[in-house]
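Here is a short set of exercises to work through with the model open beside you. Try each task on your own, then follow the solution step by step.

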Amino acid sequence: MKKITSKDNQLYKLCVRLASRKYRDSYGQFLVEGEKVIRDAVKAGQTIVTVLAEDGYPLDESKFPCPCVLVEKKLFDQLAQTTTTQGIIAIVEKEKMSREEFCSRIGEKSGNVILLDRLQDPGNIGTIIRTADAAGYSGVMTIKGTADLYAPKIVRATAGSLFRMPV
């Protein structure tokens, strides 16, 4: 298994960039932190590009359909978006969905759709998406001006619901 030991590593630099919305939008990728959320992404059929684990993390590569890389602790702590890191991060492809595909997918479920209108608080957005998923809503739509749904705090707050609902 490869190991990242330098800030000059291209994969490390990519992860640093993905902390910014500008790069998440241009690369079509985002970061997911925590093994449970990563497993939820895999289960939902999301494309996992790479899994990065803190050196010493008990990583079982067979659980992930992608390359796995160890990262030196000091560098990993700089990538982690939480104070107390869970020791594992994945780079995930954003699901590309046209308006027609979205309408088709929500039509299959025949339920309500949640509309987020210029919401900014990551915790509130994540909680709304998680609650809508639990209540059986069919999807999530956003209006321009709403915070980036792939921001690390929102992804964490959705607790995997982001992967189960069309957005």
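**Exercise 1. Work out how Tyr23 and Tyr27 are placed in helix H2, and how their rings meet.**

Step 1. Start with position: helix H2 covers residues 21-27 and holds both Tyr23 and Tyr27, which sit four residues apart, about one turn of the helix. Bear in mind that this is a predicted model.

Step 2. Next, look at the rings. A pair of aromatic rings is described by the distance of the centres and the angle of the planes. A search of the whole structure finds three aromatic pairs. In the pair formed by Tyr23 and Tyr27, the centres are 5.9 Å apart and the planes meet at 25°. Planes under 30 degrees apart count as stacked, so this pair is stacked.

Step 3. Now check exposure. Tyr23 has a relative accessible area of 27% and is therefore partly exposed. Tyr27, at 35% relative accessibility, also counts as partly exposed.

**Exercise 2. Describe the pair of Phe30 and Phe163, and say which parts of the chain it ties together.**

Step 1. Take the geometry: the rings of Phe30 and Phe163 are 6.2 Å apart, centre to centre, with 20° between the planes, and the pair is stacked.

Step 2. Place the partners. Phe30 belongs to strand S2 (residues 29-33) and Phe163 to helix H8 (residues 161-164), so the pair ties together parts that are 133 residues apart in sequence.

Step 3. Are these two residues buried or exposed? Buried means under 20% relative accessible area. Phe30 is at 0% and so counts as buried; Phe163, with 4%, is buried too.

Step 4. Look for further partners: ring pairs link Phe30 and Phe163 with Tyr150 into a cluster.

**Exercise 3. Find where Arg118 and Ala159 sit, and state what their phi angles are.**

Step 1. Begin with Arg118, in the loop between strand S6 (113-117) and helix H6 (122-134). Its phi is near 55°, a positive value in a residue other than glycine. Arg118 has a relative accessible area of 54%, so it is exposed.

Step 2. Turn to Ala159, which lies in the loop between helix H7 (152-158) and H8. Here phi is near 50°, again a positive value in a residue other than glycine. With 29% relative accessibility, Ala159 counts as partly exposed.

**Exercise 4. Locate Ser20 and give its separation from Gln120.**

Step 1. Ser20 is in the loop between helix H1 (10-17) and H2. Its relative accessible area is 29%, so Ser20 is partly exposed.

Step 2. Along the chain, Ser20 and Gln120 are 100 residues apart, while their C-alpha atoms are separated by 16 Å.

**Exercise 5. Step back and describe the chain as a whole.**

Step 1. Count the elements: the chain has eight helices and seven strands.

Step 2. Ask whether its size fits a globule. For 167 residues, a compact globule would have a radius of gyration near 15 Å, and the chain has 16 Å, which agrees. The C-alpha trace spans about 50 × 30 × 25 Å along its principal axes.

Step 3. Consider burial and contacts. Of the 167 residues, 44% count as buried. Among contacts between residues at least 6 apart in sequence, 72% join residues at least 24 apart.

Step 4. Finish with the surface and the charges. About 8900 Å² is exposed, and carbon and sulfur atoms supply 50% of it. The chain carries 25 positive and 20 negative charges, whose mean positions are 4 Å apart.

Terms used: Residues numbered from 1 in each chain as written. Predicted model: local features only at pLDDT ≥ 70, side-chain atom pairs only at ≥ 80, totals over all residues. Heavy atoms only, no water. Helix = DSSP H or I, 4+ residues; strand = E, 2+ residues; numbered from the N terminus. Rg over C-alpha atoms; globule rule 2.2 N^0.38 Å. Buried < 20%, exposed > 50% of the residue type's maximum accessible area, 1.4 Å probe, protein only. Contact = heavy atoms within 4.5 Å. Areas by Shrake-Rupley, 256 points an atom, 1.4 Å probe, with all protein chains shown as cover. Lys, Arg positive; Asp, Glu negative; His and termini not counted. Charge placed at Lys NZ, Arg CZ, Asp CG, Glu CD. Phe/Tyr/Trp six-rings, centres within 6.5 Å; stacked < 30°, edge-to-face > 60°.
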